[in-house]
Each structure stands twice: as structure tokens, then as C-alpha cells.
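Got a moment to look around a model together? Have the sequence and the structure open side by side.

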Amino acid sequence: MADALHFDLTLYPAPVLRRPALPVTAFDAELERIVAAMLERMVESRGVGLAAPQVGLKKRILVLNASGEKEDARVFVNPEVLERSGAPVLFEEGCLSFPGIFAEIERPEACRVRALDVRGQPFELALEGFESRILQHEHDHLEGVLLVDRMSAADKVRNKTALEELVRDYKRKQAAEAAAGR
Ligand code: CO
């Protein structure tokens with residue numbers, strides 16, 4: 001068996017976070033390794049959700065776990081949001097790609113999603129509350145839409161320094177990698 005994968009988090013403003021992810025077409029052992037490593041990364045990072053672009057992959061995969069209990073982990077491959085419903089709710093969101101940054105984001109209360117499981121079997125789920133919130137946030141990632149795009153002008157101002165620091169850290173890291181000839 002191939003070695004287990006281990007993913008690092010991709011942080012804003014890495015370009016992969018901005019590119020729409022591509023549908024998964026192969027439901028094989030490699031996909032299982034990717035999903036297992038995404039779940040592991042989410043747990044290690046104490047996140048409630050993670051999308052493949054956040055580990056540098058342009059693939060339409062997302063995982064979530066609203067409670068943190070192992071049995072509540074959910075995996076969605078090629079998810080489609082079929083319907084969003086209910087009143088718009090304001091809720092404070094964070095994002096593993098934006099460490100230390102939080103913003104009140106308005107989203108519909110519930111959603112209905114269709115996706116494939118890791119073996120390619122289709123399923124549909126109606127989500128509400130926190131799970132619906134996480135799903136919608138992670139689905140945004142697959143479209144290249146980020147927390148910073150959805151936050152209010154006031155939250156942008158409040159998070160200005162932290163956002164600028166992320167950009168500075170990213171540029172510094174890029175320069176170091178270029179200098180190392182990578
Ligand atoms: Co996020």
C-alpha cells in the first residue's frame with residue numbers, strides 16, 4: 001500500500017484558493033488517500049470543514065464535521081447545492097486559510113446538497129444550522145470564493161492588519177522558495 005498523504009494548509013492569498021476546482025472523475029485508492037488526509041488535516045487544525053483547494057488541490061472535494069465526533073464526519077465529492085432556503089442568518093465564520101480572522105457572514109439557514117461519496121455513489125442531504133453553514137462556506141471554496149469576498153466593509157477594516165500580514169507572509173515565503181531555487 002502507498003504511504004499515507006500528509007497535507008499542509010494553503011493560506012490566503014495562494015492563487016489555488018482563487019481557482020474554481022475541477023470535478024473528480026476517478027474514484028480510486030488515490031481519492032481515498034486524499035480524503036483520509038483531508039479529514040486528518042481538518043482534525044489536526046481543529047477545523048469544522050475543509051475544501052481541497054485549502055490543501056493545494058484543484059478538486060471538488062470537501063469534508064466537514066460540525067461536532068468534532070468522529071462519526072459525524074461527512075465527505076462530499078463533486079457537491080452541488082440544489083437549493084438554499086430559510087431566512088438569511090448572520091453568523092461569525094472563520095477559515096483555516098485565514099488564521100486569526102473572523103467575520104459575520106450572512107447565509108440562508110438551510111440547504112439541500114447532492115454529491116458523490118468516496119466510492120462514487122450519489123447521495124442527497126438536507127442540511128440546516130451549523131452543518132448547512134459549513135457546507136455553504138466550503139462549497140464557496142470550490143468556486144474560488146473566500147471569506148474576504150463575503151465579509152462586510154466594517155469586517156474588512158477590522159481585519160485589515162491581519163489580512164495584510166497574510167499577504168506579507170505569503171510573499172515572503174514565495175521569495176524564500178524562489179531563492180532556494182524551487
Ligand atoms: Co474556509
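Here is a walk through a metal site, a helix and a couple of single residues.

First, the ground rules: this is a predicted model, where local features need pLDDT of at least 70, side-chain atom pairs count only at pLDDT 80 or more, and totals for chains, interfaces and linings use all residues. Residues are numbered from 1 along each chain as its sequence is written, and side-chain values use heavy atoms, with hydrogens and water left out.

Let's start at the metal. Which protein atoms are the donors of the cobalt ion? They are C95 (SG), H137 (NE2) and H141 (NE2), sitting 2.0 to 2.2 Å from the ion. Donors here are N, O and S atoms within 2.8 Å of the metal (3.2 Å for Na, K and Ca), and since water is not among the atoms, sites may look incomplete. Along the sequence, the spacing of the donor residues reads C-x41-H-x3-H. H137 and H141 are 4 residues apart in helix α2, so about one helical turn separates them. Both H137 and H141 are buried, meaning under 20% relative accessible area (exposed is over 50%, partly exposed is in between; 1.4 Å probe, protein chains only).

Now follow that helix. Helices are DSSP runs of H or I with at least four residues, strands are runs of E with at least two, and both are numbered from the N terminus. Helix α2 covers residues 129-142, and its 14 residues should span 20 Å at 1.5 Å a residue; the expected span is 1.5 Å times one less than the number of residues. Its end C-alpha atoms are 21 Å apart, which agrees. Because 12 of the 14 residues are buried, α2 is largely enclosed by the rest of the structure. Its buried residues pack against β1 (49-51), β2 (61-64), β3 (74-93), β4 (103-116), β5 (122-128) and α3 (147-150). Just after α2, G144 has a positive phi of about 80 degrees.

Next, pick out N78 in strand β3. N78 is buried, at 17% relative accessible area. Its side chain reaches the backbone nitrogen of V24 at 2.7 Å. Setting aside neighbours within four places in sequence, N78 has contacts (heavy atoms within 4.5 Å) that include P23, F27, R60 and R114.

Finally, turn to A36 in helix α1 (residues 29-44). Its relative accessibility is 46%, so A36 counts as partly exposed. From the C-alpha atom of A36 to that of G100, 64 residues apart along the chain, the separation is 26 Å.

Key:
Polar contact = N/O pair within 3.5 Å; in protein donor to acceptor, adjacent residues only side chain to side chain.
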